[in-house]
Amino acid sequence: MMKHLFNAKPLPAVLFTVLLDSLGFGILIPVIPHLLANPLSPLYLLPPDTPASYGYTLLGILAAVFPLCIFFAAPILGELSDRYGRKKLWALTLLSASFGYALFAIGVAVKSILMLFVARAIAGIAGGSISIAQAAIADVTKPEERAQSFGLIGAMFGVGFIVGPFLGGVLSDSSYVSWFTASTPFWVAAAVSFINLLVLLILAPETHRVERTDAPIDWVRSIRNIIRAFEMRELMPLYLTNFIYFFGFTFYMTFFGVFLIDRFQFTQGAIGNFFAYVGIWIIITQAVVTRLVARRFSEKQVLRVSIFAAAGALLVFFFVTEWWQLLFVAPFFAVANGLTFANMTGLISRSAGAAIQGEVLGLNASVQSLAQVFPALLSGIVAAGTTPETPVLVASLFMCTAAIFFTLHLLRQKKNP
């Protein structure tokens with residue numbers, strides 16, 4: 001009965017696999033900052049006399065490896081999913097993700113920094129699967145409904161961000177269970193990815209059937225696609241807005257955990273609880289707010305407001321002085337950020353033809369990934385040279401720049417339709 005239900009309605013199966021994928025990723029969020037950026041934590045992997053600035057820089061480099069690999073992998077995976085179907089490619093990425101998480105767990109256990117980098121590279125290649133998920137959603141939804149459907153992807157990530165970070169904080173704390181260590185969350189993430197693979201193979205249908213082709217793979221397609229993206233008259237302003245926005249968002253994601261540790265002395269459990277709280281608001285946004293807003297406003301109308309709102313909420317984060325104040329700011333940031341993600345993806349998808357959804361959304365994932373590489377590197381350098389709180393301020397400034405650019409783009413469109 002359940003298999004028949006999922007085969008009859010592809011969307012639930014796709015969303016369920018996205019949920020498990022985000023759960024595996026969310027488990028890691030509260031743990032990684034303590035591994036390299038908190039010398040006072042029992043989870044710290046570096047020698048005790050290591051300067052904090054070195055740990056910040058190393059954290060930035062490690063954070064950059066993941067999106068760098070997505071940058072090269074996403075367009076290839078998207079194109080291959082157009083050629084061979086979504087399911088096979090998605091299954092391969094889930095298997096790779098499971099192996100990457102397991103390797104990271106071993107690296108943490110033996111304190112091998114090199115192994116951590118290799119593991120994150122493997123996970124980054126697997127992370128290109130988001131373009132496949134988005135293409136599968138586009139396969140089974142009408143153009144005018146895609147913003148709402150992409151909002152459901154965000155809702156599934158929100159569920160993963162509620163349960164995942166909470167589990168990560170608990171699973172890495174030996175006070176709960178004596179054999180819990182810093183490696184435990186990564187072993188669990190590996191298991192979740194493998195379970196996700198089984199769910200995909202058993203329940204999820206193929207949403208895009210095409211004839212196989214033996215055309216050679218362009219291994220530098222990501223670079224060619226970036227060049228092409230900025231040559232596409234209709235999509236270039238959207239890609240550039242997304243690039244600038246994710247440039248700022250990466251400053252936030254890379255060092256917000258360290259910000260919480262430095263300013264409020266958050267443990268991994270406290271970080272997990274905070275991100276779980278943010279995840280609740282992400283769900284509310286993507287499952288409820290996005291749908292309600294989509295009924296009354298177009299993607300362009302929403303983005304004119306949501307990008308500015310996200311930048312403003314991040315700026316307020318920088319100035320909070322008590323931890324409980326975060327609880328009042330987080331909902332505004334989650335709502336603004338969720339609306340931006342869903343409507344930007346929906347607008348890009350609507351602007352592309354049905355036959356190239358995988359390619360265009362893979363290109364979009366590459367734009368986002370490239371936008372995350374340099375800020376991850378720079379955030380470590382900025383934090384090492386100033387304070388671990390400064391990247392949050394820089395994040396707000398870049399998001400504000402994205403909002404201004406998008407507004408100017410709309411004005412140009414109105415002037416020259």
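Select Asn242 first. In this predicted model, Asn242 is buried, with a relative accessible area of 3%; the cut-off for buried is under 20%. Asn242 belongs to helix α11. Show what surrounds its side chain and backbone: apart from neighbours within four places in sequence, Asn242 is in contact with Met344, Ile348, Asn364 and Gln368.

Next, keep helix α11 (residues 236-264) selected and add helix α4 (residues 52-84). Two packed helices are described by the angle between their axes and the distance between the axes. For α4 and α11 the angle is about 150 degrees and the axes are 10 Å apart. That angle makes α4 roughly antiparallel to α11, since the class takes angles over 145 degrees. The crossing of α4 past α11 is right-handed.

Now display the side chains where these helices touch. From α4, pick Tyr56, Leu59, Gly60 and Ala63; they meet Thr254, Phe255, Val258 and Asp262 of α11. Colour the contact residues by type and you should find five nonpolar, two polar and one charged.

Stay on α11 and move to Arg263. How many salt bridges does a search of the whole structure find? The search finds one, and its partners are the side chains of Arg263 and Glu389, at 2.8 Å from N to O. Arg263 sits in α11, while Glu389 lies in the loop between α15 (357-385) and α16 (390-415), so the pair ties together parts that are 126 residues apart in sequence.

Finish on Glu389. Is this residue buried or exposed? Glu389 has 15% relative accessibility and therefore counts as buried.

Key:
Residues numbered from 1 in each chain as written. Predicted model: local features only at pLDDT ≥ 70, side-chain atom pairs only at ≥ 80, totals over all residues. Heavy atoms only, no water. Salt bridge = Lys/Arg side-chain N within 4 Å of Asp/Glu carboxyl O. Helix = DSSP H or I, 4+ residues; strand = E, 2+ residues; numbered from the N terminus. Buried < 20%, exposed > 50% of the residue type's maximum accessible area, 1.4 Å probe, protein only. Axes fitted to C-alpha atoms, helices over the stretch in contact; angles between N-to-C directions. Parallel < 35°, antiparallel > 145°, perpendicular 65-115°, else oblique. Left-handed = near helix turned anticlockwise from the far one by under 90°. Contact = heavy atoms within 4.5 Å. Nonpolar A, V, L, I, M, F, W, Y, C, P; charged D, E, K, R; others polar.
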